[in-house]
Protein chains: 2
Amino acid sequence: MNEIVGLLYDLFVIFLAAKVAAEVFERLQQPPVIGELLAGALIGPHALGFIGKPDPGLIALFGGDVAAAEEAVKAIYHLVAELGVIVLLFFVGLETRVADILRVGGRATLVAVLGVIAPFVLGFGLVGPLLGHSQIEAVFVGAAMVATSVGITARVLRDLGVIASVESRIILGAAVIDDILAMIILAIVAGLATTGSVSVLHVGAIAVQAVLFTVFVVLIGSGVVRRFGLRLNALRMDNAPFAVALLTMLGLAALSASIGLAAIIGAFLAGMVFAEANERFELEQQALPIYQFLVPFFFVITGSQVNWRLFLDGGILGLALAITGLALLTKLVGCGAAMLGYRWRSVAIVGVGMAPRGEVGLIVASLGLALGAIPSEVFGVVVIMSILTTLVVPPVLRWLYARDPECAISEEDRASPAGLLPEL
Amino acid sequence: MNEIVGLLYDLFVIFLAAKVAAEVFERLQQPPVIGELLAGALIGPHALGFIGKPDPGLIALFGGDVAAAEEAVKAIYHLVAELGVIVLLFFVGLETRVADILRVGGRATLVAVLGVIAPFVLGFGLVGPLLGHSQIEAVFVGAAMVATSVGITARVLRDLGVIASVESRIILGAAVIDDILAMIILAIVAGLATTGSVSVLHVGAIAVQAVLFTVFVVLIGSGVVRRFGLRLNALRMDNAPFAVALLTMLGLAALSASIGLAAIIGAFLAGMVFAEANERFELEQQALPIYQFLVPFFFVITGSQVNWRLFLDGGILGLALAITGLALLTKLVGCGAAMLGYRWRSVAIVGVGMAPRGEVGLIVASLGLALGAIPSEVFGVVVIMSILTTLVVPPVLRWLYARDPECAISEEDRASPAGLLPEL
């Protein structure tokens with residue numbers, strides 16, 4: 001019992017910080033998710049240090065090895081945060097029918113492809129020659145600029161009540177394809193850094209596996225749910241449809257992660273597969289309390305990883321700001337170009353919505369650091385870029401939607417009880 | 001990302017095992033909770049070993065130290081299970097008004113006191129003299145026989161739809177007092193084992209702290225909710241009443257654990273405090289999906305700790321069966337005697353409902369083992385006693401209620417959609 005008292009206390013402090021921040025930011029008419037990220041940055045180990053310290057009971061489990069206990073706490077936070085973002089994307093998936101995504105499939109693919117090419121080419125092309133870094137460093141910076149962390153955007157779009165808009169559907173579809181492309185680029189980059197060459201067979205196998213997984217789940221899975229979903233009520237277990245949906249969420253998240261995709265891609269696909277059965281079994285209504293309990297942990301814990309000290313180093317900060325600007329600009333231009341033909345607001349919303357790099361950029365940079373391909377200051381640059389692209393997106397997206405008369409959300413709608421479930 | 005793929009897979013396997021077992025046991029007309037416990041025992045590290053193995057990514061986090069990674073996995077399971085049982089008792093608390101518990105307060109106190117005295121005195125009195133163990137060993141066996149693990153009983157009573165019955169309320173009230181008494185006995189026993197004497201001041205301080213915590217939360221907390229609960233809607237954050245209830249659950253669970261009580265006692269009190277606001281804010285309805293997601297983890301993970309090999313040692317098994325019989329008999333007699341005046345079925349339900357020792361007995365035994373006060377075979381005896389008292393209770397409780405015409409639960413009630421929420 002003793003060893004988890006500290007962890008329970010941490011979970012309480014994280015949830016408390018999330019709720020206080022959400023309240024303050026709602027009152028300031030700012031996106032609560034920004035409040036949760038900043039609250040995490042404030043209480044995290046790099047600032048006030050309210051969370052993340054293993055207690056004596058936990059340290060005793062590791063025979064007094066404080067470093068091991070700290071790693072354990074990190075792994076636990078990671079898992080809790082991951083469960084939060086898995087539930088978030090599962091929930092968003094429940095609100096997204098396969099047909100709605102397929103209808104914007106061509107456009108989403110274009111957004112994903114251009115949104116990957118533009119940052120990579122410009123990141124790679126400018127960082128090396130202009131800033132005097134080695135080619136392998138430039139490759140890693142380019143790769144870290146590619147990936148989109150769709151959790152932030154999905155949360156903001158849901159908070160704004162516009163998750164069913166055409167822009168949201170394009171962003172969600174593009175995020176799935178983007179993750180597959182990012183994984184392929186990561187495989188190429190990792191190959192370059194370790195062996196100096198790229199195994200076409202290896203990269204091809206990874207790509208085929210990811211595409212097959214996605215296509216199989218989307219087409220076969222939704223067909224199975226459409227055909228056999230009604231029979232779920234024949235199961236005797238308590239509330240079988242919801243239990244099977246949650247089971248699918250966990251299963252596809254684990255499977256997706258085990259083939260190298262993000263776990264949230266599997267969770268999103270699981271939600272989408274069950275979107276057909278959503279209304280009949282009130283899946284979304286039942287998933288909402290789990291969302292409200294677990295999702296804040298993702299944002300506060302993500303925020304708690306912000307290392308403020310990085311911002312104090314002038315040399316790193318200058319380069320980081322330049323790279324951040326480039327990261328935002330290239331997604332805006334790449335994804336925006338893919339949206340030509342839409343109103344300028346839709347172009348801007350998709351361009352901005354695809355911009356957060358979040359933890360995905362960090363994974364690439366961590367790999368580069370671990371392989372010795374990039375020095376720690378370049379790692380710091382990527383960390384700052386990931387933080388800033390993540391923090392800047394929610395207010396801009398909110399501003400873009402608030403300026404749009406068709407999508408304006410009145411404060412009354414949000415405050416009413418029905419506003420809690422705007423999509424039901 | 002890589003380091004938690006294995007953990008995600010474990011969570012999936014645990015949830016899958018829980019749901020398959022629940023389905024099978026529902027069809028066999030047996031309590032699903034027994035299915036979940038046995039499923040855990042089957043897939044756990046002591047049997048098939050489907051869960052609990054850290055994957056290479058996690059091991060790498062600990063610099064290749066497999067033992068440390070295994071400890072981390074155990075700590076993670078422990079936390080996930082604890083969250084499950086916290087949500088379970090919070091939910092049960094939401095269904096329990098303070099006034100309902102106070103109305104049976106005298107009887108619940110008597111049940112708790114006699115239910116602690118009988119096992120301790122007989123455990124201590126018989127184990128030492130009759131079986132030739134030392135006095136300190138007998139003290140630890142007696143102490144391990146004292147504590148009630150109310151999670152199992154609460155789950156069975158809820159599954160049967162009788163959580164509001166007078167027997168259930170007596171059991172819940174008695175469980176809170178039982179936990180305080182068990183904690184006091186643990187403090188005394190630990191004192192005897194470490195210094196050979198008991199500090200009356202220390203034990204008194206612990207007791208006063210626990211009693212003050214409970215009384216303060218119950219009386220002041222429910223008063224605050226009754227008085228200010230309505231104003232929760234004035235908060236701007238999304239679904240504030242539910243968020244504040246969850247926050248209170250986490251906070252009181254952590255506080256309760258940090259003063260040496262079980263975390264679930266705090267969670268139960270938190271639920272009970274919000275029972276007044278339950279209907280208005282639909283708290284129970286919202287907590288139910290979280291219950292359905294997290295509670296199965298507690299039972300499967302608890303089951304996974306069953307070490308079958310202990311049952312193969314004839315010497316240990318014989319003693320363990322004797323101690324198990326004594327543990328069941330003493331609770332039945334002690335708690336039953338406190339119920340004199342009620343119908344025999346009520347007497348039996350309370351006596352049986354207070355019998356599961358679950359993890360609480362294990363904590364006492366682990367402490368004894370760690371302090372060198374008991375040898376490993378006595379530890380094994382207590383482990384078997386904890387397992388058997390836990391496994392035997394659900395079917396007996398179900399049988400007792402099924403025999404009771406006033407409380408009989410028809411299969412139709414359970415299968416109907418409304419049966420999912422029998423108490424709303």
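**Chains A and B, question by question**

Me: Which residues does A:Leu8 touch, leaving aside those up to four places away in sequence?
Reply: This is a predicted model, so let's read it as one. Skip anything up to four places away in sequence, and the partners of A:Leu8 turn out to be B:Leu250, B:Ala253, B:Ala254, B:Ala257 and B:Ala263.

Me: Which residues touch the most other members of the largest nonpolar core?
Reply: That core has 344 residues. The residue we just met, A:Leu8, shares the top spot with a residue of chain B. So the pair to look for is A:Leu8 and B:Leu8.

Me: Which element gives the most to the side of chain B that touches chain A?
Reply: Start with the whole meeting place: 53 residues of chain B are in contact with 53 residues of chain A. On the chain B side, the elements giving two or more residues are H1 (5–27), H3 (56–61), H4 (66–94), H11 (240–258) and H14 (283–304). The top giver, with 13 residues, is H1(B).

Me: How many residues on that side of chain B are nonpolar?
Reply: Sort the chain B residues that touch chain A by class, and you get six polar and 10 charged ones. The nonpolar count is 37.

Me: Is A:Gln29 buried or exposed?
Reply: You'll find A:Gln29 in the loop between H1 (5–27) and H2 (32–43) of chain A. It has a positive phi of about 55° although it is not a glycine. A residue with 12 or fewer other C-beta atoms within 10 Å counts as exposed. A:Gln29 has 10 of them, so it is exposed.

Me: How is B:Glu282 classed, buried, exposed or partly exposed?
Reply: B:Glu282 sits in the loop between H13 (278–281) and H14 of chain B, and has a positive phi of about 50° without being a glycine. Buried takes 20 or more other C-beta atoms within 10 Å, and exposed takes 12 or fewer. B:Glu282 has 17, so it is partly exposed.

Me: How do H2(A) and H14(A) lie relative to each other?
Reply: Their axes come within 6 Å and cross at roughly 45°. Angles under 35 degrees would count as roughly parallel, and 65 to 115 as roughly perpendicular. The two helices are therefore oblique.

Me: What is the handedness of the crossing of H2(A) and H14(A)?
Reply: Residues that meet here include A:Val33 and A:Leu37 in H2(A), and A:Pro296 and A:Phe299 in H14(A). By class, the contact has 10 nonpolar, four polar and one charged residues. As H2(A) passes H14(A), the crossing is right-handed.

Key. Residues are numbered from 1 along each chain as its sequence is written. Chains are lettered from A and ligands numbered from 1 in the order in which they are written. This is a predicted model: local features need pLDDT of at least 70, side-chain atom pairs count only at pLDDT 80 or more; totals for chains, interfaces and linings use all residues. Two residues are in contact if their C-beta atoms, placed from the backbone, lie within 7 Å. Helices (H or I, at least four residues) and strands (E, at least two) are DSSP runs, numbered from the N terminus. Ala, Val, Leu, Ile, Met, Phe, Trp, Tyr, Cys and Pro count as nonpolar, Asp, Glu, Lys and Arg as charged, and the others, Gly among them, as polar. A nonpolar core is a set of buried Ala, Val, Leu, Ile, Met, Phe, Trp, Tyr and Cys residues joined through C-beta atoms within 7 Å. Axes are lines fitted to C-alpha atoms, for helices over the stretch in contact, and angles run from 0 to 180 degrees between N-to-C directions. Angles under 35 degrees count as roughly parallel, over 145 as roughly antiparallel, 65 to 115 as roughly perpendicular and the rest as oblique. A crossing is left-handed if the near helix is turned anticlockwise from the far one by less than a right angle, and right-handed if clockwise.
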